[in-house]
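Biologist: I'd like to learn how to read helix packing and backbone angles in a model. Could you walk me through it?

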Amino acid sequence: MVEKAHRDAGSRLRGVRFRYGRAGDRDAFELAVDDLAIARGEAVACIGPSGSGKTTLVHLAAGILTPEEGEVHLGGARIDGLADEERRRRRALGVGLVFQEFELLDYLSGLDNVLLPHRLAGAGRERMAAARGRADQLARTLGIEEVLGRVPRRMSQGQRQRVAIARALVTEPSLVLCDEPTGNLDPTTADDVLTLLLAEARGRGAALLMVTHDHSLLDRFDRVVDVRELGSAEAGA
Amino acid sequence: MSGLLYLAWRHLDAHRGRALLVVSCIALALWVPWTASRLAARYDVELRARAEATPLVVGAPGNRYDLTLAALYFRPTELDTVPYSAFEALAAEGRALCIPLHMRFTARKAPIVATSVEYAEFRGLALAEGRDPLRIGEVTLGAGIAERLGLGAGDHLFSDPTELYDIARPPALKMRVAGVYAARGTPDDDAVFVDIRTAWVLEGIAHGHADTDDIDEELVLSRTEDSVAVSGALIEYAEVTAENEASFHYHGDTSLLPLSAVLAVPHSTKDATLLKSGVNARKKRLAVTPTAVIDDLLGVVFRIKRFFDLVGAFLVATTTALVALVFLLATRLRARELVTLDRMGAPRRAAATLVGLEIAAVLAVATAAAWLMTAGTLAVLPDLVASF
């Protein structure tokens, strides 16, 4: 039963310990995660004060950082022990990332930004054609068809974030990680964007972990975890 | 890699103004030393080739550089002349084929080279049309000047007047184009060749006019049994025609008629040595070996070139440093983008590869541009030796 749950998990961190700095240093910091599993189709919000380790948690789940102890699973496979290049390859296609500042490449069109993960993974012509089809479908769903030909500076904030969401979902990842994706948006746009993000992630069977400071949004998630409590016996509320 | 290539291309395309500026800087920095180097090499080859083809030049004592540059490249200069008798004496020694040269005049700014028919054979000048300038008042044009002036056999060409306001000097001579030589890529292409006697007509030493028996008696100042003195108002012929050619004549001793130089082609090395040492020992003339003069001259040129090579190297080094700074600053500006790519799972060396690809593309385009600019410069420059 545990193994089945493990396979079904979009992401799982178990017995993880991660430290910044040396013990005794004033800036030293430790993040502990006893067991955090996010199933496919599940949306989890992560809260906690600034500096409590929310972004570190996201980076550990994505395989950007590797823990000193513990296991990190992505789409049912353990990734913490993999070679760096292999972790990068799995991240490019298995993890969708949405950032607070959108982080779109300013010299690429909306469409090229959406297709970026496939380019980074070295997709061939056929895979790019298929990705193009998914990008068009996502664009229709997210209402950004008209801005696909524009560069980011000619888009509104809401359009940029929706392009970023399309970029995160175009590889049909098993895990979508969002770091304050609505932090730079006005409340109405933030609500729209969140609705679309949750609907698309759930509809595509992706596990979603979102870091947020906005407590008014928490009702929309299946679960809310406080990063400070992940190292205690109970992970999640 | 193809994905990174695409990103590199799109980044360059989005910042094409900056990229073009960097490409221009690199291309210019490469173009200057490349062009200078190629030009120097071409000068070296072409100048030496003509010097090596000319064993000995004899002229009036003076500057050996002026003598060589005038005799080989028709460079305008005020050379002292040697008398025609010097040419006859050299020829009489029987040690060399001697070719007279006189180069004091121009036609439409092109040097008029007065010589004998042996000159064309010596320089390997083949006729593209017409014939050699065998008669007084006839010219055969080099290929370059014929093309520039749009002249061919049967056309006419005026000599440039030497003194517009001095009525004592001969007027411009109307000369008939007898032929055109094929192009050789040498100074001969831009010269106007005439028979040596035509030069003396241009000098005013030889002239033609109506028979003194047929002219108005008012122009006759005195008349004796063996001579007639006429007024300066008697008009000399300004064109040599079949009808008036016989009337052209010299006054005075023909052995004193002037020459700029004599080209000597000795029959053997021994003849060359004896001829040169004999001429120089008498001290009335100067015999020079053009290769030695050109070697001297190029020695100076190449010493200067070494300085320019150093300047070129400094220019390239400075440009390299500035371009490196531009890319370093541009990469710093892209730090956030490169971090995003890293987080999204780009290969470990993606950032370095991306920047490297852009640098490689810029360098490739700049190198190609510099190569094209160098080739273009060399192609549009007038023939170097001809304009030396």
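Modeller: Sure. For helix packing, an axis is a line fitted to C-alpha atoms over the stretch in contact, and angles run from 0 to 180 degrees between N-to-C directions. Keep in mind that this is a predicted model.

Biologist: At what angle do helix 3 and helix 9 of chain B pack, and how far apart are their axes?

Modeller: Helix 3 (residues 64–73) and helix 9 (residues 290–333) of chain B meet at about 110°, their axes lying 10 Å apart. Angles of 65 to 115 degrees count as roughly perpendicular, so helix 3 of chain B is roughly perpendicular to helix 9 of chain B. The crossing is left-handed.

Biologist: Which residues of the two helices meet there?

Modeller: Helix 3 of chain B brings residues including B:Tyr65, B:Leu69 and B:Leu72, while helix 9 of chain B offers B:Val293, B:Ile294 and B:Leu297, among them. The contact residues split into 8 nonpolar, 1 polar and 2 charged.

Biologist: Now the backbone. What sign of phi do most residues other than glycine have?

Modeller: Most have a negative phi. Here, though, A:Glu103 has a positive phi of about 55°, and A:Glu172 has one near 50°.

Biologist: Where does each of those lie?

Modeller: In loops: A:Glu103 is between strand 6 and helix 4 of chain A, and A:Glu172 is between helix 7 and strand 7 of chain A.

Biologist: Why does A:Glu103 count as buried?

Modeller: Buried means under 20% relative accessible area, and A:Glu103 is at 16%, so it counts as buried. A:Glu172, at 47%, counts as partly exposed.

Key. Residues numbered from 1 in each chain as written. Chains lettered and ligands numbered in written order. Predicted model: local features only at pLDDT ≥ 70, side-chain atom pairs only at ≥ 80, totals over all residues. Heavy atoms only, no water. Helix = DSSP H or I, 4+ residues; strand = E, 2+ residues; numbered from the N terminus. Parallel < 35°, antiparallel > 145°, perpendicular 65-115°, else oblique. Left-handed = near helix turned anticlockwise from the far one by under 90°. Contact = heavy atoms within 4.5 Å. Nonpolar A, V, L, I, M, F, W, Y, C, P; charged D, E, K, R; others polar. Buried < 20%, exposed > 50% of the residue type's maximum accessible area, 1.4 Å probe, protein only.
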